[in-house]
Amino acid sequence: MMVMGLTHAILLFAADEAETPSPDSQDAVVNTPEPAKEISPPKEYVTPDKAKERNQDVIRYLKSFQRENELIEIVGKNGNMSGLYLPENTGMPQGGVLILHDIEQHAHWPNTVTPIREYLPDYGWNTLSIFYNSYIKKPLPKIEPLQLAESQADQVTTDANTLDPNAENQQAENQQSENTAEPNPTDSNELTDNLNNNEVSNTSENPNTPNELADPLDAVAENINDVPDFVPPIPQSVLKQPVIPTEDIFIENMIQRTEDGLNSLNTMGQFNTAIIANGLSANWAAKMLQARLNGNKIGYALILIDAKESQYPEIDLNETLAELDIPMLDIITQDSPEQLRLSKARKGSIKRKQNKKYQQIYLPAVKYNLNNTDNMISRRIRGWLLTNAAGEEVPVKVRNY
């Protein structure tokens, strides 16, 4: 009985050892290489279009309040654009008002644009506020690669030798060892054999003319298939075409969008028009009117709110405004010393042109109230338009010939 029990214990111990993995097997499992993961290509960096996002937010806001009827599509020369239109509410139309927003704003900006465009229709004015795209940004200065001059390179070498005093001695010893090295006779023999073999091979190939070079036309004939196709030269008229700078393209685009907005009012029958420009948009309004007013100065008026001269692209706003002999109202709400200095210079440049229809006033900045659009700026604009730019509806008489 004891022998059988011992045999049974030995068998159980052997079975446990067979089931227990050895250290070698554990290391083999752990050290198995994992399959290589596929590396995805880097994603392209996309710059967000802030102006487009603001415009989409305005459209969603108006639709949420069932005001999508104010949205209109304007067909322009450089493509379509959106605008916000409100018709007059009196039955006695005075004209149309084109409202231009400032940089980093939109056509329903609460502090300036919205109070005006919602207030003037109650006094006979049709208002149209258009969306501008993103403004151009001044490029960053180019950083040229660092290039060490010869004097700077020598200075770097001198500094390195100063840090390591043994470097100069080691360099001198290496140069001396190279100069005093004896030539290897084996190398000289090999060089002589190679020269003899080359002379023999040249003589065997051209036995008649051993000292003459091969005909260069033979090389051309052998590589005739490698001759590239003939590419006609670019005409000089194409090469001489000037490259239009990005700044000029941007200015033309902004002026054209302003022109498209004014044309949209004309197609609605509004030919007595006033433009209200806020901030940098005064540059595009002035440039557009300068090109449009070719002798015909009737039916136009310009209102500026905190006008700012464009620094990039550079535009001389004062000079452009001085050439506009139309009614102008210049509203200043910022009382900083810099703004006061610029407004004084603008007034002087226009007054020197003897424009008696120009007026500059200072008003306190207003905060938008969701329940009231009747603020000081809106009232002053309405009163000035009534005095200087109000029109009336004229019936068309049909002549009987």
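Me: What pLDDT does the protein average, and what share of the residues score at least 70?

Reply: This is a predicted model, and its pLDDT averages 77 over the protein, with 64% of the residues scoring at least 70. Where pLDDT is low, the predicted coordinates should not be read in detail. Two stretches call for that caution here: over residues 25–29 the pLDDT is below 50, and beyond near neighbours in sequence this stretch has one contact in the model, while residues 200–211, where the pLDDT is also below 50, have zero contacts beyond near neighbours in sequence.

Me: In what order do the strands of the sheet lie, and which are the edge strands?

Reply: The sheet is an open one, built from eight strands in the order 1-2-4-3-5-6-7-8, with mixed pairing. Its edge strands, each of which pairs on one side only, are strand 1 (71–76) and strand 8 (358–362). Neighbouring strands are turned against each other by 25° on average, if direction is ignored.

Me: How many bridges join strand 2 to strand 4, and what packs on the sheet?

Reply: Strand 2, residues 79–86, runs antiparallel to strand 4, residues 125–130, and four bridges join the two; within strand 4, Ser129 is the bridge partner of Leu84. As for packing, helix 13 (residues 337–351) lies on the sheet, where this helix touches strand 7 (328–332) and strand 8, and its direction makes about 165° with that of strand 8.

Me: Which residues of the largest nonpolar core touch the most other members?

Reply: In soluble globular proteins, nonpolar side chains tend to be buried together. Here the largest nonpolar core holds 37 residues, of which Ile275, Leu289, Leu302, Leu321 and Leu324 touch the most other members. Helix 11 (residues 281–292) supplies the largest share of this core, six residues. If residues up to four places away in sequence are not counted, Leu289 touches Ile275, Tyr300, Leu302, Leu324 and Ile326. There is also a second, separate core of 21 residues, which includes Ile99, Leu120, Ala301 and Leu385.

Me: Is Thr258 buried or exposed, and with which residues is Thr258 in contact?

Reply: The cut-off for calling a residue buried is a relative accessible area under 20%, and Thr258 counts as buried because its relative accessibility is 0%. This threonine lies in helix 10, which spans residues 246–267. Leaving aside neighbours within four places in sequence, Thr258 is in contact with Leu98, Leu100, Ile130, Tyr132, Trp284, Ala285 and Met288.

Notes: Residues numbered from 1 in each chain as written. Predicted model: local features only at pLDDT ≥ 70, side-chain atom pairs only at ≥ 80, totals over all residues. Heavy atoms only, no water. Pairing = 2+ DSSP bridges. Axes fitted to C-alpha atoms, helices over the stretch in contact; angles between N-to-C directions. Contact = heavy atoms within 4.5 Å. Core = buried A, V, L, I, M, F, W, Y, C linked by side-chain atoms within 4.5 Å. Buried < 20%, exposed > 50% of the residue type's maximum accessible area, 1.4 Å probe, protein only. pLDDT = per-residue confidence, 0-100.
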